[in-house]
Amino acid sequence: MSFAIAISPHGHSQKNTSSVMRWTIFALVPGIAAQCYLFGWGVLFQLLLTVSTALICETVILRLRGFAILPSLRDSSAILTAALIAVAIPPLLPWWMTVLATAFAITIAKQLYGGLGQNPFNPAMVGYVLLLVSFPVPMTTWQVPQSIASQTLSPSDTASIIFNGQTTGGLTSYQLKSLVDGTTMATPLDHLKTESGRGHAMNELVSAPNFKAISDDGWRWINLSFLAGGILLFLLRIIPWQTPVAMLTTLGITSGLAHYVAPLQFSVPEIELLSGATMLGAFFIITDPVTGSTTARGRLIFGALVGALVFIIRHFGGYPDGVAFSVLLCNILVPLIDKYSQSRVYGH
């Protein structure tokens, strides 16, 4: 083997911030389409709310700071943050909560620290956690898939419940959270966490018809759709492989070991990997080049820590899904991870 030293000018990857952001937004399309198919028009309404709020807030803050507006808006970073918030929140969340989360993410979590490239925390997750901590009930009120729901919503009914709190027929979002037989059920992770805490065996819970309809025919396809978008980003070499692989491997190993030790208490790794925000977090959240680790070994450590924390929070914390909290906690550790995971300089 020979070691070749190259002098400038070096080759350029031809990727800039704008193209990376736009390809990432494009990779979100399969997941957005799956959510629209399963949950209806609310996903698109939330997307319109988040994008418009993000662009307005970005414009106002840039003007107040005396920065050029159009060049910053063209990098599409605000739109990506808005899209991530839109797919993370329940489709029928009240409009003012959506606006609050997006405005907080752009003005506080991003621009307050100096704008793109200066923020230590993922802005989308900051906005999401703000709502989750402040309004836990509406943030965990997800609808069941339309195919098994007792009521399907038209665009006008969807807009009415988002902006007025109820449909034109007077139904609230909680009343719409029901199956064809009139019984209600939470998301798969929330249902397993609640019912296992009441002493129900895990194998009975996961084999129930209602759970299979929501998990296998609902959230599984959403996660697989985000996985497809993540694979596209891999092929385009926009995201590194270390971070998502480390997160998913760690989550799979820990959940597998837990299920092996206590099968009546912990679910199989497949449910852990294909429920909640697992694939969204693995490929679109923790791969953020600004708030994630920048070294090869650091990315492995960062992803593994996120995966371990997701499992811990899901099963021992107060929330059914722990992706957002895990990401923010690990964002704090990024400077320390990067410091001790740097490659040795050649010749030293």
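**Cores and helix packing in a predicted model**

Let me begin with Phe284, which, leaving aside its neighbours within four places in sequence, is in contact with Thr24, Ala27, Leu28, Leu84, Phe226, Gly229, Gly230, Leu233 and Met279. I should say straight away that this is a predicted model, and that everything I describe is computed from it.

Phe284 belongs to the largest nonpolar core, which has 65 residues, and it is named there, together with Leu28 and Tyr128, among those with the most contacts inside that core. The largest share of this core, eight residues, is contributed by helix 18, which covers residues 323-339. Apart from this core lies another one, of six residues, and among them are Ala54, Cys57, Ala78 and Ile106.

One of the residues touching Phe284 is Leu84, and Leu84 is one of the buried residues of helix 5, so let me turn to that helix. Helix 5 runs over residues 77-88, and its twelve residues reach 17 Å from the first C-alpha to the last, which is close to the 16 Å expected at 1.5 Å a residue. How much of helix 5 is covered? Mostly, it is: eleven of its twelve residues are buried, including Ser77, Ala78, Leu80 and Thr81.

Next, a helix pair. Helix 14, residues 242-261, packs with helix 16, residues 278-285, at an angle of about 155°, and their axes are 8 Å apart. Because angles over 145 degrees count as roughly antiparallel, the two helices are described as roughly antiparallel to each other, and their crossing is right-handed. On the helix 14 side the contact is made by Pro244, Met247, Leu248 and Leu251, while helix 16 brings Thr278, Met279, Gly281, Ala282 and Phe283. Met279, as you will recall, is also in contact with Phe284.

Moving on to helix 11, residues 188-197, the buried residues are Pro188, Leu189, Asp190, His191, Leu192 and Glu195. What covers these buried residues? The cover includes helix 12 (202-207), helix 13 (209-235), helix 15 (269-273) and helix 17 (296-316). Just after helix 11, Gly199 takes a positive phi of about 100°.

Helix 17 brings me to my last residue, Ala296, which is found in that helix. Is Ala296 buried or exposed? Neither quite applies, since its relative accessible area is 41% and it is therefore partly exposed. In sequence Ala296 and Ser343 are 47 residues apart, whereas in space they are 8.4 Å apart, C-alpha to C-alpha.

Key
Residues numbered from 1 in each chain as written. Predicted model: local features only at pLDDT ≥ 70, side-chain atom pairs only at ≥ 80, totals over all residues. Heavy atoms only, no water. Buried < 20%, exposed > 50% of the residue type's maximum accessible area, 1.4 Å probe, protein only. Helix = DSSP H or I, 4+ residues; strand = E, 2+ residues; numbered from the N terminus. Contact = heavy atoms within 4.5 Å. Expected span 1.5 Å × (residues − 1). Core = buried A, V, L, I, M, F, W, Y, C linked by side-chain atoms within 4.5 Å. Axes fitted to C-alpha atoms, helices over the stretch in contact; angles between N-to-C directions. Parallel < 35°, antiparallel > 145°, perpendicular 65-115°, else oblique. Left-handed = near helix turned anticlockwise from the far one by under 90°.
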